[in-house]
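Good morning, colleagues. Please turn to the sequence and the structure on the screen, and I shall then take you through the ligand site.

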Amino acid sequence: MSDWISLAAGQSYPAGTLYVVATPIGNVADLSLRALHVLGLADAIACEDTRNTGQLLSRVGLQRPLVAVHEHNEREAAGRIVQRLAAGECIAYVSDAGTPGISDPGARLVEAVRAAGLPVVPLPGPSAAVAALSVAGEMLDTGAGRFTFVGFLPSKPKARGEAIAALASLDHAWVLYEAPHRIAETLAALAAGLPPTRRLLVGRELTKLFEETPVMTVAEAPAWLAGEATRAKGEFVLVVEGAAANAADDGAPDAQAQRVLSLLLAELPAKRAAKLAAAITGASTDALYKLALAQRGGD
Ligand code: SAM
């Protein structure tokens, strides 16, 4: 074991540096050797939630001073951290789970440290999006391996429906994060707003005891979720297949068709608006109608 640690310790870790450290998304053993080493040598660890990070540290047998840097105090706290770095301290920053800055705070702190001309070093590690993409198989072949990271969709039904409509025509895979209390709504909105045969990878509870990564069509997803009472509990990352891989996407509303639909929807019932929008743009009436219903959900 000590040989492994010396691999990490062999590198130099200059003082006066902010180390942005990825932490596990469930399984504590995913903390990298370098992360372990840097967390151990840091003069302080800036973190989103001191209780959460305190628990992680105690699980790996470390004790370091913690400084809270969260959404609500990031700017002021960043100023204090810059002062400490300028005085030659070595500070690590971690978010609650995964890679800082990825649907997590951290950006303002990094910006403040850079603006002060001080070094920022990333320590890569777990991220739910990348973990899910790594088992998405041929879904990644659409769009020549490109993908779009979306993170959380808007929570209001209308805005969520519009966001899905805007993403529907991407020719490559896209990645969503979703909280347990909204997963049912999001799967229903994907089923309503996308062609029914579009494939979806559901990454549930990655790296944890009840981890699963089934691939299904968007039409099947709501029933899959409802199939077991405990399923909606847990953390979810979704990978949605890009449009080019799916022949049934023909006629899917593009941005222009979605704009026309939105304008008509302001004046007309969903069915009529979808029919007219299809006649004007050539997109599928069925797809436009589903989109209209998804958008109307929030009215
Ligand atoms: N910074 C994190 C990362 O790099 O993945 C993401 C933080 S974001 C606030 C939390 C969201 O990430 C969760 O709501 C869920 O969508 C996703 N997530 C985090 N851990 C996960 C896990 N073990 N399995 C599936 N999704 C996870």
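From which domains does the shell around the ligand draw at least three residues each? The model before you is predicted, and in it both domain 1 (2-126) and domain 2 (130-252) supply at least three residues of that shell.

Let me describe the shell itself. The ligand is surrounded by 19 residues, and the closest are Asp 104, Ser 127, Ala 128, Tyr 177 and Phe 236. By character, the shell residues divide into nine nonpolar, five polar and five charged. As for secondary structure, at least two shell residues come from strand S7 (173-178), and at least two come from strand S10 (236-240).

I turn now to the polar contacts. On the side-chain side, Asp 104 places an N or O atom 2.8 Å from a nitrogen atom of the ligand. Backbone atoms contribute as well: a polar backbone atom of Glu 178 lies 3.1 Å from an oxygen atom of the ligand, and a polar backbone atom of Phe 236 is 2.6 Å from an oxygen atom of the ligand. Taken alone, the ligand has 570 Å² of accessible area, of which the protein covers 91%.

Finally, which pocket does the ligand take up? The space that the ligand occupies is the largest pocket. To close, I would return to the opening point: the shell around this ligand has at least three residues from each of domain 1 and domain 2. Thank you for your attention.

Methods: Residues are numbered from 1 along each chain as its sequence is written. This is a predicted model: local features need pLDDT of at least 70, side-chain atom pairs count only at pLDDT 80 or more; totals for chains, interfaces and linings use all residues. Side-chain values use heavy atoms; hydrogens and water are left out. A residue is near a molecule or strand if one of its heavy atoms lies within 4 Å of it. A polar contact is a pair of N or O atoms within 3.5 Å; within protein, one must be able to donate a hydrogen and the other to accept it, and residues adjacent in sequence count only if both atoms are side-chain atoms. Accessible areas come from the Shrake-Rupley method with a 1.4 Å probe; for residues, only the protein chains shown count as cover. On a 1 Å grid over the protein atoms alone, a cavity is a set of points where a 1.4 Å probe fits but cannot get out, and a pocket is an open set with protein on both sides within 12 Å along at least five of seven lines; lining residues have an atom within 4 Å of a point. A molecule sits in a cavity or pocket if more than half of its atoms lie within 2 Å of its grid points. Helices (H or I, at least four residues) and strands (E, at least two) are DSSP runs, numbered from the N terminus. Ala, Val, Leu, Ile, Met, Phe, Trp, Tyr, Cys and Pro count as nonpolar, Asp, Glu, Lys and Arg as charged, and the others, Gly among them, as polar. Domain bounds come from an automatic or database domain assignment.
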